[in-house]
Each structure stands twice: as C-alpha cells, then as structure tokens.
Amino acid sequence: MLARGKVAGTIGVGRRLVLLILHLLCIPVLAIVLAGGAYYLMPSVPRYGEGRLGDDEITLANALRLDGALWVDARNEVEYVSGHVPGSILLNEEQWSRRIEAFVMRWNGQPVVVYCGGAECNASRAVARRLRADVGVPEIHVLRGGWQGYVQAGRSIEQGVFGR
C-alpha cells in the first residue's frame with residue numbers, strides 16, 4: 001500500500017538529505033582510514049645516519065675502530081683548511097693529478113676512509129671509486145654522514161694544511 005502522494009520506490013527529501021550527508025562524511029573518513037593504514041604499513045624513511053648502509057659505506061663508530069686507517073678528505077681545499085679529520089689528507093677529483101702522489105706516499109695497505117661534506121655529497125664515492133680503480137685500494141670505505149656527521153658527533157678536528 002502506498003502512502004498518500006508518494007510514488008513507489010521514492011524516498012522523502014529529508015531522508016535523501018541525511019543519506020547525502022552520510023555519503024559526504026564517509027569520503028573523508030575513508031581517506032583518513034586509508035592514509036592511516038598506509039602510514040602504519042609502509043616502512044618509515046630513515047632519519048639522517050640511520051637505515052641500511054650502502055655497499056662501501058661505514059659508520060663513524062666502525063671507521064674509528066679500523067686500526068691505522070688512512071682518512072681522505074674529498075672536499076675542496078678551502079673546506080679542508082678550515083677543518084678536517086686529524087691526520088687526513090686532501091684528495092679530490094678536481095685536483096686528482098696534483099694530489100694522488102701524496103696519497104700513494106702515505107698509503108701502505110691500511111684501510112682507507114673517504115669523507116666529503118655530508119650525506120648528500122657524492123665526492124667521497126667518486127674518490128673511493130678512483131682509488132679502487134687507479135691505485136688498487138682493496139679496503140676502502142665511504143663515511144656515512146661525511147664531515148657533517150663527524151663534527152656532529154663531537155670528534156676533534158684539525159685546521160690548517162697538515163697532510164696536504
């Protein structure tokens with residue numbers, strides 16, 4: 001039996017409005033639920049200095065444990081003079097032919113740790129590749145976090161031109 005003035009299968013305006021509001025509320029709630037699930041299920045982005053090490057990377061703690069390692073600064077000369085790892089030598093791609101001899105004179109087969117400005121710098125990787133290819137250094141590591149990580153760890157620094 002039909003109610004007076006209504007066609008079978010239709011609903012009232014008030015009821016339609018309620019359904020519309022419910023549908024509109026479901027969209028943001030569903031989006032929040034999906035975003036929360038994605039946040040929970042997805043691995044987080046590693047913070048600076050965290051996460052998996054690259055093939056040739058080494059942490060500062062492990063680099064400091066290397067017995068007699070030769071440290072190589074792959075930054076430019078101005079940065080090197082303003083501060084560097086004590087006893088490190090300056091060797092970068094820009095001055096490779098001028099500085100490689102100093103490296104060869106100091107290297108006696110010990111492990112090598114190369115660093116540059118920070119985590120975003122690739123100069124240390126380039127120098128490490130060349131030392132491996134051109135000189136045949138078998139044990140070479142790139143310092144994770146570079147100079148920035150070294151300084152932030154509160155390690156002592158040296159200034160001037162020692163080890164050039």
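A residue counts as buried when its relative accessible area is under 20%. D56 has a relative accessible area of 17%, so D56 is buried. This is a predicted model. The points below cover the surroundings of D56, an open sheet of 5 strands, and a nonpolar surface patch of about 600 Å².

**D56 and its surroundings**
- D56 sits in the loop between helix 1 and strand 1.
- The side chains of D56 and R125 are joined by a polar contact of 3.3 Å.
- Leaving aside residues up to four places away in sequence, D56 touches R125, R132, I140, H141 and V142.

**The sheet**
- The 5 strands form an open sheet in the order 1-5-4-2-3. Their pairing is parallel.
- Strand 1 (57–58) and strand 3 (89–90) are the edge strands, and each pairs on one side only.
- Strands of a sheet pair through backbone hydrogen bonds, either parallel or antiparallel.
- Strand 2 (residues 70–73) pairs with strand 3 over 2 bridges, in the parallel sense.
- D73 stands opposite L90, a residue of strand 3.

**Helix 1 and the nonpolar patch**
- L17, L20, I21, L24, L25 and I27 make a nonpolar surface patch of about 600 Å².
- One of these patch residues, L24, lies in helix 1, which spans residues 13–41.
- Exposed means over 50% relative accessible area. L24 has 52%, so L24 is exposed.

Notes: Residues are numbered from 1 along each chain as its sequence is written. This is a predicted model: local features need pLDDT of at least 70, side-chain atom pairs count only at pLDDT 80 or more; totals for chains, interfaces and linings use all residues. Side-chain values use heavy atoms; hydrogens and water are left out. Patches are made of residues with over 30% relative accessible area and no salt bridge: like charges are joined within 9 Å, nonpolar side chains (Val, Leu, Ile, Met, Phe, Trp, Tyr) within 5 Å. Accessible areas come from the Shrake-Rupley method with a 1.4 Å probe; for residues, only the protein chains shown count as cover. A salt bridge is a side-chain nitrogen of Lys or Arg within 4 Å of a carboxyl oxygen of Asp or Glu. Helices (H or I, at least four residues) and strands (E, at least two) are DSSP runs, numbered from the N terminus. Buried means under 20% relative accessible area, exposed over 50%, partly exposed in between (1.4 Å probe, protein chains only). Two strands pair if DSSP finds at least two bridges between them. A polar contact is a pair of N or O atoms within 3.5 Å; within protein, one must be able to donate a hydrogen and the other to accept it, and residues adjacent in sequence count only if both atoms are side-chain atoms. Contact means heavy atoms within 4.5 Å.
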